[in-house]
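Let's take a walk through this structure together, moving from its strands to its helices and loops. Keep the viewer open as you read.

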Amino acid sequence: MIVITGATGNVGRPLVQALAAAGEEVTAVSRRTAEVPEGVRHHRADLTRPETLEPALDGAEAVFLLTGAEFLAGGNLNDVMTVVRAAGVERVVLLSSQGVGTKRHPSDHEDALTRSGLDWVILRPGNFDSNALQWAPAVRAQRVVEAPFAEVALPAIDPADIAEVAAMALTDAAHASNTYTLTGPAPISPRQQAHEIALALNEPVRFVELTRTEARDRMVRFMPRPVVDATLDVLGSPSADEQEVSPDVEKVLGRPARTFGDWAIRNVEAFR
């Protein structure tokens with residue numbers, strides 16, 4: 001049995017679907033009640049209270065760990081790993097961040113996992129294609145995208161690709177002790193992303209560049225300030241490593257990563 005935390009998110013949802021479709025026994029874990037595919041068990045738990053995860057782990061062989069903003073504000077992955085290890089879990093796949101590898105974020109969570117004594121795989125995605133969903137209300141209402149750093153390009157990744165890599169890591173022990181950096185197939189700027197959304201809609205979409213201050217004022221409404229500042233640093237002044245395309249998606253899946261245009265076409269109804 002495989003336990004998926006963060007099961008209602010942009011990565012967790014397609015991961016649960018992929019594993020269930022492959023015939024795996026899956027327990028989907030989220031902080032709130034959620035709909036899950038037929039045959040999937042659902043359990044409510046909050047990783048900031050690791051004891052709430054215990055019932056979901058009964059019989060689990062592998063766990064996918066996703067730590068959201070709430071956990072970053074008040075969680076301890078060492079405590080979570082204690083509960084996971086006590087349940088007899090053999091393998092843990094952690095959704096980390098490319099920022100750990102580029103030294104923008106601390107390595108505490110990764111360290112807790114690698115010291116756990118369990119088989120582990122670490123996934124370090126960069127910018128998500130699905131971050132563009134923050135533009136959806138403005139695109140629907142006014143056909144406009146407002147974002148900072150118009151021409152700065154990063155190789156954003158489709159969350160569906162992250163989910164497919166995670167599914168492989170959870171079900172194939174050959175991936176143990178690997179850290180995968182996950183990116184899309186080519187760097188793309190916010191202005192280019194707006195163009196791809198326009199192509200998917202088959203309608204013009206206007207681009208308006210925000211200042212860093214304007215963007216920060218908007219982002220702090222739903223993200224912790226330190227996370228906002230670190231995110232804007234990457235978006236505005238990425239390192240060479242953060243702009244580099246990683247081969248790891250193709251290495252694991254045997255195919256190139258999906259493009260942002262592919263993602264926009266699949267999610268066009270969010271912008272229509």
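A residue is called buried when its relative accessible area is under 20%, exposed when that area is over 50%, and partly exposed in between, using a 1.4 Å probe and protein chains only. Helices (H or I, at least four residues) and strands (E, at least two) are DSSP runs, numbered from the N terminus. What you are looking at is a predicted model, in which local features need pLDDT of at least 70 and side-chain atom pairs count only at pLDDT 80 or more, while totals for chains, interfaces and linings use all residues. Residues are numbered from 1 along each chain as its sequence is written, and side-chain values use heavy atoms, with hydrogens and water left out.

A good place to begin is strand 7 (residues 144–148), where four of the five residues are buried, leaving the strand mostly covered. Its partner is strand 9 (residues 206–210): the two run parallel and share five bridges, where pairing requires that DSSP finds at least two bridges between the strands. Within this pairing, Glu146 is bridged to Val208 of strand 9.

Follow the chain out of strand 7 and you come to Phe149, in the loop that leads to helix 7. Phe149 is not a glycine, yet its phi is positive, near 55 degrees. With a relative accessible area of 17%, Phe149 is buried.

Helix 7 itself spans residues 159–171 and holds Asp161. Is Asp161 buried or exposed? It is buried, because its relative accessible area is 0%. Beyond residues up to four places away in sequence, Asp161 touches Val249, Leu253, Arg255, Ala257 and Arg258; contact here means heavy atoms within 4.5 Å. From Asp161 to Val93 there are 68 residues along the chain, and their C-alpha atoms are separated by 15 Å.

Helix 7 also plays a part in the surroundings of helix 1 (residues 12–21), whose buried residues include Gly12, Leu15, Val16 and Leu19. These residues lie on the same side of helix 1, because they cover an arc of only 100 degrees around the axis, the arc being that of the directions from the helix axis to the C-beta atoms. Among the elements that cover them are strand 1 (2–4), strand 2 (26–30), strand 4 (62–66) and helix 7. Just after helix 1 comes Gly23, with a positive phi of about 90 degrees.

Another buried residue is Arg124, with a relative accessible area of 18%, and you will find it in strand 6 (residues 119–125). Leaving aside neighbours within four places in sequence, its contacts include Ser96, Glu110, Thr179 and Tyr180.

Now turn to helix 8 (residues 190–201), where His195 lies. His195 is partly exposed, at a relative accessible area of 47%. In the loop between helix 8 and strand 9 sits Asn202, a residue that is not a glycine but has a positive phi of about 60 degrees. Asn202 counts as exposed, at 69% relative accessibility.

Finally, look at helix 9 (residues 212–219) and helix 10 (residues 225–236), whose axes come within 10 Å and cross at roughly 145 degrees. Axes are lines fitted to C-alpha atoms, for helices over the stretch in contact, with angles from 0 to 180 degrees between N-to-C directions. The contact is made by Arg212, Ala215, Arg216 and Met219 of helix 9, together with Arg225, Val228, Asp229, Thr231, Leu232 and Asp233 of helix 10.
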